[in-house]
Amino acid sequence: MIDQHSLTTLEFSKVIDRIAGKCLTPHGPEQVREIEPVTDRELIERRSIEITQMKDIVNFGVAFPLGRIPDCRELLAESQVQGHYLDPKQFRTLLELVDISIDLHGYNREGRENFPELAEHLQQIRAFPELRTEITRAIDEDGDIKDSASPALKKIRADLADSRRAIVARMRKILGEQQKQAGWQDDVVTQRSGRYVIPVPSNQYRGDMGILHDRSQSGATLFIEPPQTVELNNKINMLIQEEHYEIERILLALTAEVAQRGEALLENTRLIGHLDALHASATFSNEIDGTQAVLTRTDATLDLREARHPLLIAHFRDIKKVVPTSLELGESRQGLLITGPNTGGKTIMLKTIGLAVLMAQAGLHIAAAQGSEIGIFNHIYADIGDEQSIELSLSTFSSHVRNIIRGLRKADSRTLLLYDEIGAGTDPKEGAALAESIISYSLQKGAKLLVTTHYSQLKTLAMDNPEIENASLEFDRETLAPTYRLHIGLPGSSYAIQIARRLGMPKEICDEAAEAVGTGERDLSELIATMQKDLSQLREDRNELTQRLQKAKQLEEYYKTQVESIKDDVEVKRKEGLEETMKFLDETRKDVERLVADIRSSGASGKSVKEFHQKMKKSQQQLGKLKQKVEPEEEIDQSSFDVGDTVEIISFGTVGEIEELLDNNRARVMVNNVRTTVDFRNLRKVSGRTPRGRQPARKSVARDVAQVESPEIHLLGMTVDEAIDALDKFIGRAVIAGMEQIYVVHGKGTGALRRNLSTWLKQHRDVESIRLGDWGEGGSGVTIVKLRS
């Protein structure tokens, strides 16, 4: 169904040759060359799936047991001839086919569910281990018949060896009895005409010495067979004949075994060839970084993503050196009109798209990104390049017209037309008009169309025909070099004068040509160039924004995951706390019941009551800890506090009034004419200024605060424990009073008190730093303590 001329033009045969060159067996290339584009969806999908499965095996699976083997089909045909037998070396050749059949038949049976289509072929291959056993038992690796080929052959060869040893011993004895001349050295047993003989000097020969068989080149030595060894020689010749007959019988029997399995082995060669073709296709797919195309179910459409020419990838051996092309042809866009400079890549782009379609319909992997979709086209026609023919008396224009006519005759909704430089080779005005009519006719027939041109008149077609859209291949005006990137929606310029100038055309010629083009044409070219530059910048900006957006989405997903994880952890902790609380309450209930029973039985003695209170106090403390575990920490709401509010300082149980709201969730509170800075976490609003239940505590704290009139505390004469106790209380009062620094006078003495106090102060939560006093501050007898704010 696919035009043969188009197959050649789009270089499909070169792809097939490249794949065939990767085959390992002589049967693979034959099957590769049978691959061609078809319209049978089931056949296309099956082959592409088989190649995908083979590619997975090549890349990730157990090594596939394919190797270079000879073509055994002629030997299999010879085995069928009645009375004919194969020689030992031919059996060794056949053994390679038998071996590879056994290996393929048993390949990876445990993992075959991963490649079900290939498993069907492997299952069909017949293995003949018994034939392998027979051949290896009879023939060694050098192609010689083994003694173990048959019991009869083993006995014949044993008798033959004994007879040869006997005749050699007899002849050596005869030689030893002969009289030798001085300098005689030719005293060895040898063979002539298949019989054992001994050398005799010609001047000593007598007729009764035996049968003369030969003489030396000089004539000085004669080789005779003594009468005593004639019978042994005859026996040896008889055994040799018997050996020959037995070998013939063995080879006939082996040949019959091969002939019996001939048809199955011949089918094995076909299956091996098919697997070899798939293996070569998978290897080629790896070479071009190929993917399996998705076949559209209904219309013949195209959606190619980052398509590249496979032969260019294979040539450069680096996919990054080939610029990709992405385009879509379907209901919304039926055709593309591509313009741009010479050597800009227009022709390669046409071949890339056409070849991708051909390869996809042949079931091969295409050099494009995952997700590329291709419909099934009944007809593909390509008119690319200069096809001038002297033999057919065809000019360039005539050959183009003939190719275009073939395509137009078959044009319908399942036809793909690829026209390079449409309308070229004749008068530009007439060529442009003809090209416009061809494009319009093709669109009316519903064909998918890719056209390249240099005609400016055709760039306006997209304005009147929504089915076709302008496209261009990017050209760098600064370097006057193509970038090979396709821009859809924007026509391109040919840049003929600029390229000629760059290649060395005289300046005056280029200037005159530029003037001849006309102002309007130059303005259009300049406008197109400016739009291309702006579009290139927009694409770069879009790519950068896309990358940033992707990163932002990734961060958003990451933080969502983290938040969910934290929520899950909190919920787990809460449940664990609740379970622990319920367990504690249950144990407490049992303890209370037990204590009540003890109190009743003991008559409520003072000791029992005291123990009860101690248990309840301990339980209350544990319950408080559990409550902190279960209940989440309350967030601080700064707006709930205001200047003038009456608040309780939770840690000291005293009441005061907020004078000022500070930063970092703190407030300055007046407590009995003493100002102190307190965190909001340590404050609780109260309804009245002088709660009755808090009055004693407030007086006590007020008294302590009032006592902090000086930042200095004297600890001289105290023990370490007494000094630490007094200093701890002093620091607490100093913190409430809002002091930033205090002076601890401990004296010099032995230094033991100073060292113990320094160690204790470094671990105190309200101490930021300590140092010894300077010369004017008391020296080493005073420690200056800086308190945390």
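Student: What relative accessible area does Glu30 have?
Tutor: Glu30 has a relative accessible area of 42%, so it's partly exposed. For the cut-offs, buried means under 20% relative accessible area, exposed means over 50%, and partly exposed is in between, using a 1.4 Å probe and protein chains only.

Student: Anything to know about the model before I dig in?
Tutor: It's a predicted model, where local features need pLDDT of at least 70 and side-chain atom pairs count only at pLDDT 80 or more, while totals for chains, interfaces and linings use all residues. Residues are numbered from 1 along each chain as its sequence is written, and side-chain values use heavy atoms, with hydrogens and water left out.

Student: OK, back to Glu30. Which residue does Glu30 form a salt bridge with?
Tutor: Arg73, with the closest N and O atoms 2.7 Å apart. The pair links distant parts of the chain, 43 residues apart: Arg73 is in helix α5 and Glu30 in helix α3 (residues 28-32). Helices here are DSSP runs of H or I with at least four residues, strands are runs of E with at least two, and both are numbered from the N terminus. Arg73 counts as partly exposed, at 27% relative accessibility.

Student: What's the salt bridge criterion?
Tutor: A side-chain nitrogen of Lys or Arg within 4 Å of a carboxyl oxygen of Asp or Glu.

Student: And how many salt bridges does the structure hold?
Tutor: It holds 34. Glu11, Lys14 and Lys351 are linked in a network of them.

Student: Got one inside a helix? Where do Arg41 and Glu45 lie?
Tutor: Both lie in helix α4, 4 residues apart, which is about one turn of the helix. They form a salt bridge with the closest N and O atoms 3.8 Å apart. An α-helix has 3.6 residues a turn, so residues three or four places apart point the same way. As for cover, Arg41 is buried with a relative accessible area of 18%, while Glu45 counts as partly exposed at 25%.

Student: What about strands? Which residue does Glu648 meet in a salt bridge?
Tutor: Arg684, at 3.3 Å from N to O. Glu648 sits in strand β15 and Arg684 in strand β19, so the pair ties together parts that are 36 residues apart in sequence. Glu648 counts as buried at 6% relative accessibility, but Arg684 is partly exposed at 42%.

Student: Who else is in β15? Is Thr646 buried or exposed?
Tutor: Thr646 is in strand β15, and it's buried, with a relative accessible area of 10%. Its C-alpha atom is separated by 9.8 Å from that of Met670, 24 residues apart along the chain.

Student: Switching to rings. How many aromatic pairs does a search of the whole structure find?
Tutor: It finds 4. Among them, Phe64 and Tyr107 have ring centres 5.1 Å apart and planes at 75°, so that pair is edge-to-face. Phe64 is in the loop between α4 (41-60) and α5 (73-79), and Tyr107 in the loop between α6 (88-105) and α7 (116-124), so the pair ties together parts that are 43 residues apart in sequence. Phe64 and Tyr107 are both buried.

Student: How are aromatic pairs sorted? What are the cut-offs?
Tutor: Rings of Phe, Tyr and Trp (its six-membered ring) pair if their centres lie within 6.5 Å; planes under 30 degrees apart are stacked, over 60 edge-to-face, and the rest tilted.

Student: Which residues form a cluster with Phe64?
Tutor: Tyr107 and Phe115 join Phe64 in one aromatic cluster.

Student: And where does the charged end of Arg192 sit?
Tutor: Over the ring of Phe223, 4.2 Å from its centre. The test is NZ of Lys or CZ of Arg within 6 Å of the ring centre and within 35 degrees of the ring normal.

Student: Last topic: helix α22. How many residues does α22 have?
Tutor: Helix α22 (residues 720-736) has 17 residues and reaches 25 Å from its first C-alpha to its last, close to the 24 Å expected at 1.5 Å a residue. That expected span is 1.5 Å times one less than the number of residues. Its buried residues include Ala723, Leu727, Phe730 and Arg733.

Student: What follows α22?
Tutor: Gly738, whose phi is positive, near 85°.
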